[in-house]
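Here is a short set of exercises to work through with the model open beside you. Try each task before reading the solution below it.

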Amino acid sequence: SWTTNWNRQRCKTEPEPAESRTVGFAPGIEKQRPVVPPFWERKRRREKGRYRFMKVVLLQDVKSIGKKGELCNVSDGYARNFLLPRKLAKEANAQAMNELKNAEAAREYKVKTETEKAQKNAEILSGKTVKIYAKPGQGGKIFGSVTAKELAEEIRQQFGVEVDKRKVVLSGDIKAFGTYSFEVKFYAGISAAMSVAVCEKA
């Protein structure tokens, strides 16, 4: 009949979906045929598993990654094959994150105390004049020159403020008697403008 012919034609033109096909392995036993995903889905799954990331805390400065103590997000393979074996970083687990927070708090406290101390010392020394006595030489010159080390020592003795000689900035060499200006840099953005009077030693 026309119904039977139509059903036969439909079976030829519309094959049964792959998900519903069965394969017989023995009489009376059937097993579902596995469905293979398309190639783009397989590629997506491979890439998803390949590019995993891990959060680490750097133990040393690492070029193009970050500085010591920073929390960074790096690829899982790079962390396990390079950073962790070389002790350049550690995994950011609960313990590491707690240590990082404590280190940041300690660093902030240190910066705060150093800033307050620098401001206090700058207020004490700003506008002050340090007196230094030197032996006269020829032509109104002095023997040698006044160095940053000498100025730092005289500041400690005359004003009771400890100054690192590397923080004393001179505008030029001091090789003659007179008054000269210089600067003491205590901290970033905190400094004191001072003067030194080089007098002849009796």
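**Exercise 1: A polar residue in a helix**

Asn121 is found in helix α4. This model is a predicted one, so keep that in mind as you go. Task: decide whether Asn121 is buried or exposed, and find which residues it touches beyond its sequence neighbours.

Solution.
- Step 1. The relative accessible area of Asn121 is 14%.
- Step 2. Buried means under 20%, so Asn121 counts as buried.
- Step 3. Setting aside residues up to four places away in sequence, Asn121 touches Val161 and Phe186.

**Exercise 2: The largest nonpolar core**

Task: find how many residues the largest nonpolar core has, and which elements each supply at least two of them.

Solution.
- Step 1. The core has 24 residues, and those with the most contacts inside it are Leu125, Ile155, Val163, Phe182 and Phe186.
- Step 2. At least two residues of this core come from each of α4 (94-125), β6 (129-134), β7 (141-146), α5 (148-159), β10 (178-187) and β11 (190-200).
- Step 3. The largest share, five residues, is that of β11.
- Step 4. Now look around Ile155: not counting residues up to four places away in sequence, Ile155 touches Leu125, Val130, Gly160, Val161, Val163, Phe182, Val184 and Met194.
- Step 5. Another core, of 10 residues, lies apart from the largest one, and includes Met54, Leu58, Leu83 and Leu88.

**Exercise 3: How β11 is paired**

Task: work out which way β6 and β11 run, and which way β10 and β11 run.

Solution.
- Step 1. Between β6 and β11 there are six bridges, and these strands run parallel.
- Step 2. One place to check is Tyr133, whose bridge partner in β11 is Cys199.
- Step 3. Between β10 and β11 there are nine bridges, and here the strands run antiparallel.
- Step 4. Ser181 has Ser195 as its bridge partner in β11.
- Step 5. β10 and β11 form a hairpin with two residues between them, and Gly189 in the turn has a positive phi of about 80 degrees.

**Exercise 4: A three-stranded sheet and its helices**

Task: give the strand order of the open sheet of three strands, then find which helices pack on it.

Solution.
- Step 1. The order is β4-β3-β5, with antiparallel pairing.
- Step 2. β4 (71-75) and β5 (89-91) are the edge strands, since each pairs on one side only.
- Step 3. From one strand to the next, the twist averages 45 degrees.
- Step 4. Strand β3 (residues 53-58) is joined to β5 by three bridges; Leu58 has Ala89 as its bridge partner in β5.
- Step 5. Helix α3 (residues 76-83) packs on the sheet and touches β3, β4 and β5, with its direction at about 100 degrees to that of β4.
- Step 6. α4 also packs on the sheet, touching β3, β4 and β5, and its direction makes about 125 degrees with that of β5.

**Exercise 5: The buried side of α3**

Task: find which residues of α3 are buried and why they lie on the same side of α3.

Solution.
- Step 1. The buried residues of α3 are Asp76, Ala79 and Leu83.
- Step 2. They lie on the same side of α3 because they cover an arc of only 110 degrees around the axis.
- Step 3. A general point helps here: an α-helix has 3.6 residues a turn, so residues three or four places apart point the same way.
- Step 4. The buried residues of α3 pack against β3, β4 and β5.
- Step 5. Asp76 has a relative accessibility of 17%, so it counts as buried. Leaving out residues up to four places away in sequence, Asp76 touches Arg52, Phe53 and Met54.

**Exercise 6: Cysteines and a loop lysine**

Task: find how many disulfides there are, classify Cys72 and Cys199, and then place Lys165.

Solution.
- Step 1. With a disulfide taken as a pair of cysteine sulfur atoms within 2.5 Å, the count comes to zero.
- Step 2. Cys72, at 11% relative accessibility, counts as buried, whereas Cys199, at 25%, is partly exposed.
- Step 3. Lys165 sits in the loop between α5 and β8 (168-170), and its 46% relative accessibility makes it partly exposed.
- Step 4. Lys165 and Lys149 are 16 residues apart along the chain, and their C-alpha atoms are separated by 5.1 Å.
- Step 5. Apart from neighbours within four places in sequence, Lys165 is in contact with Ala148, Lys149 and Ala152.

How values were computed
Residues are numbered from 1 along each chain as its sequence is written. This is a predicted model: local features need pLDDT of at least 70, side-chain atom pairs count only at pLDDT 80 or more; totals for chains, interfaces and linings use all residues. Side-chain values use heavy atoms; hydrogens and water are left out. A nonpolar core is a set of buried Ala, Val, Leu, Ile, Met, Phe, Trp, Tyr and Cys residues joined through side-chain atoms within 4.5 Å. Buried means under 20% relative accessible area, exposed over 50%, partly exposed in between (1.4 Å probe, protein chains only). Helices (H or I, at least four residues) and strands (E, at least two) are DSSP runs, numbered from the N terminus. Contact means heavy atoms within 4.5 Å. Two strands pair if DSSP finds at least two bridges between them. Axes are lines fitted to C-alpha atoms, for helices over the stretch in contact, and angles run from 0 to 180 degrees between N-to-C directions. The arc is that of the directions from the helix axis to the C-beta atoms.
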